[in-house]
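Let's walk through a protein model together, one question at a time. Please have the sequence and the coordinates open as you read.

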Amino acid sequence: WVAGSSPRRVDVLRVLTNVLSALDHLHTHSIVHSDVKPMNVLVDAAGRGALADFDVSVDRATRTSVAYRREASTRARTVVGFTPGFDAPEMQRTGATKETDMYAFGAMMREVLGEDVSGDEAQLIRALMSEAPAERPSAGAALRHAAFAPVVRWQAQERRECCICADNLPLEEGAECGLADGSAHFVCSECMAAHVTSELDQELTVRQARDGRILCPGCRAEDPNRVCPYTDAILAALLPASTFANYMTGRLAVSEQRLRQELDGEYREQMEGELVRLRALSEDQARVLQARKHIEERILTCSCPGCGGAFLDFAGCFALKCHKCHPTCFFCGFCGGRFASDQETHRHCGFGGASSCPSKPGDVDIFGYRRNAQNQDPARVFEEAQNRRRRRELTEYLQTLGEGVRREVKAQIRNALAELGLQDLVD
């Protein structure tokens with residue numbers, strides 16, 4: 001595809017993110033592909049990549065059978081599926097693992113991007129192909145690396161029509177299904193939340209038939225027998241935290257029902273492990289989603305401390321008031337502190353006297369003008385003040401999160417912080 005079609009670099013990066021999403025989904029379910037390479041990536045008419053050739057991979061149904069599990073240890077010692085040039089240094093010793101998949105992805109990324117690799121791309125490839133397996137980023141972490149920032153920008157520019165409400169929206173405000181013929185259906189985030197809620201209201205037996213997963217509504221409208229499920233990762237990124245938590249609870253209910261019906265002792269043990277994974281994923285994903293939402297809406301955005309409404313533009317004065325909450329909410333544009341009245345906020349910011357705000361620079365007045373400066377830019381002064389506030393509040397908030405949640409949240413907000421010049425907070 002790369003050699004024959006001469007695609008744009010952003011299109012190659014898009015396909016690589018598609019492969020990473022597939023690996024993230026496989027690894028979440030403890031499945032290792034074992035043979036990641038360019039020849040095993042298919043590209044459809046819409047330029048979307050799909051990871052193929054699962055001859056040396058094992059799905060959950062096979063992996064949990066008694067016969068397979070009795071042979072597993074012997075097979076692991078005698079057969080290793082890989083392609084020379086894409087095999088990690090430890091492959092022959094350890095067999096295929098999630099880490100060897102990530103090494104192979106790094107080798108594939110290096111090959112398809114060619115000689116012109118530098119900056120973030122080169123840094124990611126070096127990390128993926130590290131000699132130490134533990135130092136290689138996971139598929140989920142690699143997806144959020146700055147090397148794929150062009151894909152994020154492309155998604156912000158691309159628009160799709162929602163197959164439910166028919167609104168034409170940016171691609172980043174929804175998700176496409178995994179249909180491989182180039183005619184994928186797009187569902188916006190609002191319709192997706194409503195669709196998931198509706199699906200969770202179905203009888204348990206109906207949800208059990210599809211393993212508790214959410215199917216694409218567009219595919220089902222065209223063909224009721226077509227099965228095109230969304231991955232947990234897509235739903236986690238798109239749904240409100242409460243809706244995603246309900247979805248994971250629904251999946252737990254399906255797995256628990258299957259466990260009660262299953263008589264095979266070894267399969268029961270495997271399903272119990274799956275339940276533990278789902279519970280942990282549900283709790284951790286909910287914490288990550290809630291933390292990211294708080295950071296994006298209440299820290300990175302200058303917002304009303306009362307209702308959370310955003311202040312997108314500097315209106316010429318650092319003594320801010322929320323017109324939605326008025327006359328009950330007044331706050332300082334320097335420090336974010338909330339006050340009981342407009343007059344109190346003005347005094348705090350230094351109007352008519354000395355300022356008591358600890359975050360206000362001494363040479364800046366309440367209107368954003370610097371003393372004795374030649375070129376005045378109050379809007380820039382406001383943005384600088386917001387970055388100081390963001391840095392202080394984000395540093396304090398991250399310390400309140402558990403280590404695992406904090407690491408995942410930092411990975412997810414890296415691009416947003418880079419745009420604000422605050423990337424050092426997550427490095």
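The questions below go from the whole chain to a helix pair, a sheet and a buried side chain.

This is a predicted model, in which local features need pLDDT of at least 70 and side-chain atom pairs count only at pLDDT 80 or more, while totals for chains, interfaces and linings use all residues. Residues are numbered from 1 along each chain as its sequence is written, and side-chain values use heavy atoms, with hydrogens and water left out.

Q: What percentage of the residues of the protein chain count as buried?
A: Helices (H or I, at least four residues) and strands (E, at least two) are DSSP runs, numbered from the N terminus; the protein chain has 19 helices and 9 strands. Buried means under 20% relative accessible area, with a 1.4 Å probe and protein chains only. Of the 427 residues, the buried share is 45%.

Q: At what angle do helix 6 and helix 7 pack?
A: Axes are lines fitted to C-alpha atoms, for helices over the stretch in contact, and angles run from 0 to 180 degrees between N-to-C directions. Helix 6 spans residues 98-113 and helix 7 residues 119-128, with their axes 8 Å apart. The packing angle is about 145 degrees.

Q: Which residues of helix 7 make the contact with helix 6?
A: Contact means heavy atoms within 4.5 Å. Helix 6 contributes M102, Y103, F105, G106, M109, R110 and L113. From helix 7 come E121, L124, I125 and L128.

Q: Which strands are the edge strands of the sheet in the order 7-8-9?
A: Two strands pair if DSSP finds at least two bridges between them. The open sheet has 3 strands with antiparallel pairing, and 2 bridges join strand 8 (residues 330-332) to strand 9. Each edge strand pairs on one side only, and these are strand 7 (319-321) and strand 9 (338-339).

Q: Which residue in strand 9 is the bridge partner of F331?
A: Strand 8 and strand 9 run antiparallel, and helix 16 (residues 342-349) lies across strand 7, strand 8 and strand 9. The bridge partner of F331 is R338.

Q: Why does E90 count as buried?
A: E90 is found in the loop between helix 4 (66-78) and helix 5 (91-94). Leaving aside residues up to four places away in sequence, E90 touches G95, E99, T100, P133 and R136. E90 counts as buried because its relative accessibility is 4%.

Q: Which side chain does a polar contact of 2.8 Å join to that of E90?
A: A polar contact is a pair of N or O atoms within 3.5 Å; within protein, one must be able to donate a hydrogen and the other to accept it, and residues adjacent in sequence count only if both atoms are side-chain atoms. For E90, the partner at 2.8 Å is the side chain of R136.

Terms used. Buried means under 20% relative accessible area, exposed over 50%, partly exposed in between (1.4 Å probe, protein chains only).
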